[in-house]
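Work through the exercises below with the structure open beside you. Each task is followed by a solution in steps.

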Amino acid sequence: MVWKRTISSKALEKAGYAPVKVDDKVVFIANINGNLYGMDAVCSHARCILGILDPENLKVKCRCHDAVFDLKTGAMLEPPYVAKDAPKEKLGLKTYQVRDNGGWIEVDV
Ligand code: FES
């Protein structure tokens, strides 16, 4: 495990979610009712940065072509509208462990 510091816990709590740079990755982190989530923030379809969070259903929609991802598993739930026939299982995103460590959000990369 390699934990990397990102933004303050207060900043994430206030924003609810944010894409953050972690080494050479961009990770979509979210704080939903005190639960922390992390998933690749670069869409697997055409590399847009995610996205629009649906906190009640733990889903994230890509702004570019509306692909929808499961925040807990990274699975693609709905394909991009421009590639409806793309195999969803190949377009899932990696998820990460996220923790609050002394007021800082850390991601295990
Ligand atoms: S870049 Fe995300 S759905 Fe196309």
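## Exercise 1: Val-27 and the core

Task: List the residues that Val-27 touches, leaving out those up to four places away in sequence.

Solution. Step 1: note that the model is predicted. Step 2: collect the contacts of Val-27, which are Val-20, Val-22, Gly-38, Asp-40, Ala-41, Tyr-96 and Val-107. Step 3: place Val-27 in the core. The largest nonpolar core has 24 residues, and Val-27 is among those with the most contacts inside it, along with Phe-28, Ile-29, Met-39 and Phe-69. Step 4: find the contributing elements. E2, E3, E4, strand E7 (68-70) and E11 each give two or more residues to this core. E3 gives the most, with 4 residues.

## Exercise 2: Two hairpins that share E3

Task: Work out how E3 pairs with strand E2 and with strand E4, then find the turn residues with a positive phi.

Solution. Step 1: take strand E2 (residues 17-22) and strand E3 (residues 25-32). They pair in the antiparallel sense over 6 bridges. Step 2: check the end of this pairing at the turn. Val-22 has Lys-25 in E3 as its bridge partner. Step 3: look at the turn itself. The hairpin of E2 and E3 has 2 residues between the strands, and Asp-23 takes a positive phi near 55 degrees.

Step 4: move on to strand E4 (residues 35-40). E3 and E4 are also antiparallel, over 6 bridges. Step 5: find the partner of Ile-32. Asn-35 in E4 stands opposite Ile-32. Step 6: inspect this second turn. There are 2 residues between E3 and E4, and Asn-33 in the turn has a positive phi of about 55 degrees.

General point: strands of a sheet pair through backbone hydrogen bonds, either parallel or antiparallel.

## Exercise 3: The open sheet

Task: Give the strand order of the open sheet with 3 strands, and explain why one side of each edge strand has no neighbour in the sheet.

Solution. Step 1: read off the order, E1-E11-E10, with antiparallel pairing. Step 2: identify the edges. Strand E1 (3-8) and strand E10 (98-101) each have a single partner strand, so one side of each is left without a neighbour in the sheet. Step 3: add the twist, which averages 35 degrees from one strand to the next.

Step 4: follow E10 into strand E11 (residues 104-108). These two pair in the antiparallel sense over 4 bridges. Val-98 has Val-107 in E11 as its bridge partner. Asn-101 stands opposite Trp-104 in E11. Step 5: close with the turn. The E10 and E11 hairpin has 2 residues between the strands, and Gly-102 takes a positive phi near 65 degrees.

## Exercise 4: His-45

Task: Locate His-45 and decide whether it is buried, exposed or partly exposed.

Solution. Step 1: find the element. His-45 sits in the loop between E4 and strand E5 (52-54). Step 2: apply the cut-offs. Buried needs 20 or more other C-beta atoms within 10 Å, and exposed needs 12 or fewer. His-45 has 18, so it is partly exposed. Step 3: list its contacts beyond four places in sequence: Cys-62, His-65, Ala-67, Pro-80, Ala-83 and Leu-91. Step 4: compare with Ala-30, 15 residues apart along the chain. The C-alpha atoms of His-45 and Ala-30 are separated by 21 Å.

Terms used: Residues numbered from 1 in each chain as written. Predicted model: local features only at pLDDT ≥ 70, side-chain atom pairs only at ≥ 80, totals over all residues. Pairing = 2+ DSSP bridges. Contact = placed C-beta atoms within 7 Å. Axes fitted to C-alpha atoms, helices over the stretch in contact; angles between N-to-C directions. Core = buried A, V, L, I, M, F, W, Y, C linked by C-beta atoms within 7 Å.
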